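User: I am new to this structure. Please take a close look at one part of it and explain how that part is built and what lies against it.

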Amino acid sequence: MTALGLAAAAENERKPSVIDASHLERMTLGDRRLEREVLELFVRQTTILLSRIAGSQPPMAAAVAHTLKGSARGIGAWRVARAAELLEQAAGAPSDPGATDEFEDAIAELKAASLEASVAIGARLTALLPELARGR
């Protein structure tokens with residue numbers, strides 16, 4: 001491996017990926033078709049759940065965030081899982097002036113993390129296409 005290749009590999013190790021590929025591979029037993037299906041389901045589910053969170057009361061937002069947290073953990077989308085957990089906590093905070101801001105900030109963070117994960121999943125699925133086409 002060249003020095004440039006070693007530097008790139010070291011950078012990738014320092015910077016966590018959006019989707020934990022090792023975790024995803026373990027969860028899908030290395031089956032690329034199952035991986036594709038799980039990732040596509042996650043993106044669809046995320047879109048639906050985020051629309052349910054928008055404008056909902058804190059108890060409903062917490063319940064929906066809890067569902068999203070579990071799904072994110074299943075595919076190794078750790079930032080999404082953490083953002084959903086923070087939204088759960090913010091939704092359960094006592095009603096005080098700062099709690100509303102914290103709740104809205106947690107929703108914004110969850111949306112940002114989910115968008116980042118969706119983009120990474122799109123890139124991953126695109127990269128899988130040639131492999132899946134060969135396996136037909």
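Analyst: A residue in a loop makes a simple starting point. Thr 28 sits in the loop between helix 2 (21-27) and helix 3 (32-53) of this predicted model. Its relative accessible area is 2%, so Thr 28 counts as buried, the cut-off being under 20%. Apart from neighbours within four places in sequence, Thr 28 is in contact with Leu 34, Glu 35 and Val 38.

As for the setting, the protein has six helices and zero strands, and from the N terminus its elements run α-α-α-α-α-α. Of its 136 residues, 32% are buried. Among contacts between residues at least 6 apart in sequence, 68% join residues at least 24 apart.

The part for the close look is helix 4, together with the helix packed against it. Helix 4 covers residues 58-75, which makes 18 residues. At 1.5 Å a residue these should span 26 Å, and the end C-alpha atoms are 26 Å apart, so the expected and computed spans agree. After helix 4 comes Gly 76, whose phi is positive, near 85°.

Helix 5 takes up residues 78-91. This helix has 14 residues and reaches 20 Å from its first C-alpha to its last, close to the 20 Å expected at 1.5 Å a residue.

How do the two helices lie against each other? Helix 4 and helix 5 pack at an angle of about 160°, and their axes are 8 Å apart. Because angles over 145 degrees count as roughly antiparallel, helix 4 is roughly antiparallel to helix 5. The crossing of helix 4 with helix 5 is left-handed.

On the helix 4 side, the residues that meet helix 5 are Pro 58, Ala 61, Ala 62, Ala 65, His 66, Leu 68, Lys 69, Ala 72 and Arg 73. On the helix 5 side they are Trp 78, Val 80, Ala 81, Ala 84, Glu 85, Leu 87, Glu 88 and Ala 91. Twelve of the residues in this contact are nonpolar, one is polar and four are charged.

Burial can be set beside these contacts. The buried residues of helix 4 are Ala 61, Ala 62, Val 64, Ala 65, Leu 68, Lys 69, Ser 71, Ala 72 and Ile 75. Lys 69, for one, is buried and also takes part in the contact with helix 5. In helix 5 the buried residues are Val 80, Ala 81, Ala 83, Ala 84, Leu 87, Glu 88, Ala 90 and Ala 91. Glu 88 is buried and is among the residues of helix 5 that meet helix 4.

Key:
Residues numbered from 1 in each chain as written. Predicted model: local features only at pLDDT ≥ 70, side-chain atom pairs only at ≥ 80, totals over all residues. Heavy atoms only, no water. Helix = DSSP H or I, 4+ residues; strand = E, 2+ residues; numbered from the N terminus. Expected span 1.5 Å × (residues − 1). Buried < 20%, exposed > 50% of the residue type's maximum accessible area, 1.4 Å probe, protein only. Axes fitted to C-alpha atoms, helices over the stretch in contact; angles between N-to-C directions. Parallel < 35°, antiparallel > 145°, perpendicular 65-115°, else oblique. Left-handed = near helix turned anticlockwise from the far one by under 90°. Contact = heavy atoms within 4.5 Å. Nonpolar A, V, L, I, M, F, W, Y, C, P; charged D, E, K, R; others polar.
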